[in-house]
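Biologist: Got a minute to walk me through this one? I'd like to start with the aromatics and then wander a bit.

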Amino acid sequence: MKIAMVASEAAPFVKTGGLGDVMQALPAELAKIKGNELCLFLPYYKKIKQNPNIEVESVGSFSMELSWRESYVGIFRLKSRKKKLQVYFIDNDYYFGARGTIYGDFDDGERFAYFSKAVMAALYYLDFKPDILHCHDWQSAMALVYCRALYGQWCPYVKTVFTIHNVEYQGWADAGFFSNTLGLPEEYLGHLTFDGAINMMKGAIEVADIVTTVSKTYAEELRYPYFAHRLDGVLREKWLWGITNGIDTTVFNPETDPALKQNYSAKKMEGKWDNKRALREELGLRTDTDAPILAMVTRLAGHKGIDLLCYIANRLMEREIQLVIVGTGEKQYEYALSSIAKQHPGKASVQLAFDPALASRVYAGADMYLMPSKSEPCGLSQLIAMHYGTVPVVASTGGLRDTVLPYNAETGEGRGFTFQSYNADDFLGAIDRAVGLYYNDRDRWNALAKHDMEIDFSWRVPAAEYMQLYTELRSK
Ligand code: GLC
């Protein structure tokens with residue numbers, strides 16, 4: 001099958017969050033499947049252009065209209081021996097190559113509309129007629145719409161898939177954007193119009209052959225206003241598939257992770273305790289204690305549930321525990337968390353940093369991983385934590401609900417500790433249950449951690465589900 005994937009980020013080239021991890025692993029996993037041929041399109045950001053380790057070759061260039069604008073489109077291809085997965089970068093200095101930003105510019109709508117249209121033009125230029133065009137989040141949403149509006153004759157049999165990784169960001173623009181920038185046939189105005197403005201995610205939802213999201217529970221939740229950020233009505237009209245993400249177990253692997261003090265596996269977990277000792281030393285936590293380390297590695301954003309943590313912080317710090325938080329984000333959370341660390345030297349450490357190597361050492365050295373998210377489409381950190389033998393304590397929402405089955409003390413079944421409603425006391429209750437098991441029955445605790453390490457979170461299963469979806473779509 002010929003599959004074109006389009007996204008605004010993919011590790012290791014550019015990553016700001018979970019989407020970047022998914023776009024690194026999913027295309028690679030699909031390319032392993034016999035008969036598949038993939039290409040992945042990304043913007044050629046300054047950060048990628050200036051990275052001496054990313055070697056590219058020019059494949060061609062042309063000029064393209066975006067409404068009344070004439071824009072240059074350059075196509076660069078990653079030099080790689082992987083014939084079945086080609087990575088292409090869309091080059092344009094005005095929109096990407098000369099700016100430091102990935103997201104957050106005043107003209108993001110125009111930047112990513114340009115990118116989406118350029119991807120379709122590049123596919124045409126390369127004469128890569130995809131069987132499946134698969135776009136992710138609003139930044140590539142318009143590729144589906146341009147495909148339908150302008151390329152129907154060139155690839156009449158293409159099937160289109162749109163995946164929502166986070167419905168909070170939808171690509172809103174004012175009503176004039178349709179004619180000023182997008183330059184689409186009038187019949188698409190209705191698909192893109194929402195509340196008198198333009199909403200690019202809505203356009204893709206309506207036009208795509210199928211819409212998916214990154215867990216089964218989130219697919220359900222998106223039908224309700226609480227989760228859907230106003231798109232619930234539009235999403236209720238569609239059949240939504242939920243396919244839970246995996247993690248790249250070649251990247252996130254405690255047996256080989258070069259950032260760790262000591263590599264370890266489920267069969268030989270002693271190495272994990274060396275990492276715990278080393279983490280305490282690295283972060284200036286007390287070493288003369290048996291306390292469990294509770295950790296979070298996160299963007300400090302509202303929906304990650306940081307306010308719940310702040311609310312219970314005083315009571316939490318009365319327990320015999322140690323707390324480690326790594327992340328950057330909203331200033332009010334950075335201040336609040338830093339002040340907890342200041343008040344509890346040796347017991348709490350807060351690192352305002354985005355540091356993947358430190359993150360690895362925290363996943364390895366901690367006992368419990370906290371994720372009290374208000375909503376969570378899938379969440380990758382809880383999967384990484386479990387893979388590193390760190391037991392999750394999570395809000396039962398979205399992908400967290402699907403991947404962290406509650407621990408049952410009677411039977412020993414389950415993977416972690418969960419709480420149902422978005423409530424600080426319930427969160428503290430779940431932490432207390434976890435800490436209770438840690439202190440009262442260490443054998444069971446260790447068995448739980450080991451069990452979590454042994455679960456298969458690789459991309460093999462989700463990639464097979466995507467293949468099944470593509471195959472069904474093509475047979476229609
Ligand atoms: C977004 C979501 C996160 C998900 C990731 C990858 O970042 O917030 O829950 O895991 O996308 O799909």
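**Aromatics, pockets and a few details**

Modeller: Sure. Phe115 is buried, with a relative accessible area of 0%. Bear in mind that this is a predicted model.

Biologist: And Phe96, buried or exposed?

Modeller: Buried, since the relative accessible area of Phe96 is 0%.

Biologist: How many aromatic pairs does the structure hold?

Modeller: There are 26 aromatic pairs. In one of them, the ring centres of Phe96 and Phe115 are 6.3 Å apart and the planes meet at 80°, so this pair is edge-to-face. The pair links distant parts of the chain, with Phe96 in helix α3 (residues 93-97) and Phe115 in helix α4 (residues 108-126), 19 residues apart.

Biologist: Why is the pair of Tyr151 and Trp154 edge-to-face?

Modeller: The planes of Tyr151 and Trp154 stand at 75° with the ring centres 6.1 Å apart, and planes over 60 degrees apart count as edge-to-face. Tyr151 counts as buried at 13% relative accessibility, and Trp154 is buried with a relative accessible area of 13%.

Biologist: Back to Phe96 and Phe115. Which aromatic cluster are they in?

Modeller: Phe96 and Phe115 belong to one aromatic cluster with Tyr45, Tyr94, Tyr95, Tyr103, Phe112, Tyr114 and Trp138.

Biologist: What lies over the face of Trp68, and what over Tyr438?

Modeller: For Trp68 it's Arg69, at 4.1 Å from the ring centre. For Tyr438 it's Arg442, at 3.8 Å from the ring centre.

Biologist: Switching to pockets. What volume does the second largest pocket have?

Modeller: About 480 Å³. It is lined by 23 residues, and the closest to the centre are Gln24, Ala28, Lys82, Leu85 and Asp248.

Biologist: Which element supplies the largest share of that lining in the second largest pocket?

Modeller: That's α1, with 5 residues. Both α1 (18-31) and β5 (85-91) supply at least two residues of the lining of the second largest pocket.

Biologist: And by class, what does the lining of the second largest pocket have?

Modeller: You get 13 nonpolar, 6 polar and 4 charged residues.

Biologist: OK, cavities. How many of 30 Å³ or more?

Modeller: The count comes to 1 cavity of 30 Å³ or more. The largest cavity has a volume of about 50 Å³.

Biologist: Which residues line the largest cavity?

Modeller: Asp21, Val22, Gln24, Ala25, Gly246, Ile247, Asp248, Phe252, Leu380 and Trp459. By class, the lining of the largest cavity divides into 6 nonpolar, 2 polar and 2 charged residues.

Biologist: New topic, helix α8. Why is it described as largely enclosed by the rest of the structure?

Modeller: Helix α8 (residues 200-207) has 8 residues and 7 of them are buried, so it is largely enclosed by the rest of the structure. The buried residues of α8 are Met200, Met201, Lys202, Gly203, Ala204, Ile205 and Val207.

Biologist: What caps the N-terminal end of α8?

Modeller: Asn199 does, through a side-chain oxygen that lies 3.2 Å from the backbone nitrogen of Met201.

Biologist: Last one. Where is Ser458?

Modeller: In the loop between α19 (442-454) and α20 (460-475).

Biologist: Is Ser458 buried or exposed, and which side chain does it contact?

Modeller: Ser458 is buried, because its relative accessible area is 14% and buried means under 20%. A polar contact of 2.8 Å joins the side chain of Ser458 to that of Asp456.

How values were computed. Residues are numbered from 1 along each chain as its sequence is written. This is a predicted model: local features need pLDDT of at least 70, side-chain atom pairs count only at pLDDT 80 or more; totals for chains, interfaces and linings use all residues. Side-chain values use heavy atoms; hydrogens and water are left out. On a 1 Å grid over the protein atoms alone, a cavity is a set of points where a 1.4 Å probe fits but cannot get out, and a pocket is an open set with protein on both sides within 12 Å along at least five of seven lines; lining residues have an atom within 4 Å of a point. Grid points are joined across faces, edges and corners, and a volume is the space filled by probe spheres set on the points. Helices (H or I, at least four residues) and strands (E, at least two) are DSSP runs, numbered from the N terminus. Ala, Val, Leu, Ile, Met, Phe, Trp, Tyr, Cys and Pro count as nonpolar, Asp, Glu, Lys and Arg as charged, and the others, Gly among them, as polar. Rings of Phe, Tyr and Trp (its six-membered ring) pair if their centres lie within 6.5 Å; planes under 30 degrees apart count as stacked, over 60 as edge-to-face and the rest as tilted. Buried means under 20% relative accessible area, exposed over 50%, partly exposed in between (1.4 Å probe, protein chains only). A charge sits over a ring if NZ of Lys or CZ of Arg is within 6 Å of the ring centre and within 35 degrees of the ring normal. A polar contact is a pair of N or O atoms within 3.5 Å; within protein, one must be able to donate a hydrogen and the other to accept it, and residues adjacent in sequence count only if both atoms are side-chain atoms.
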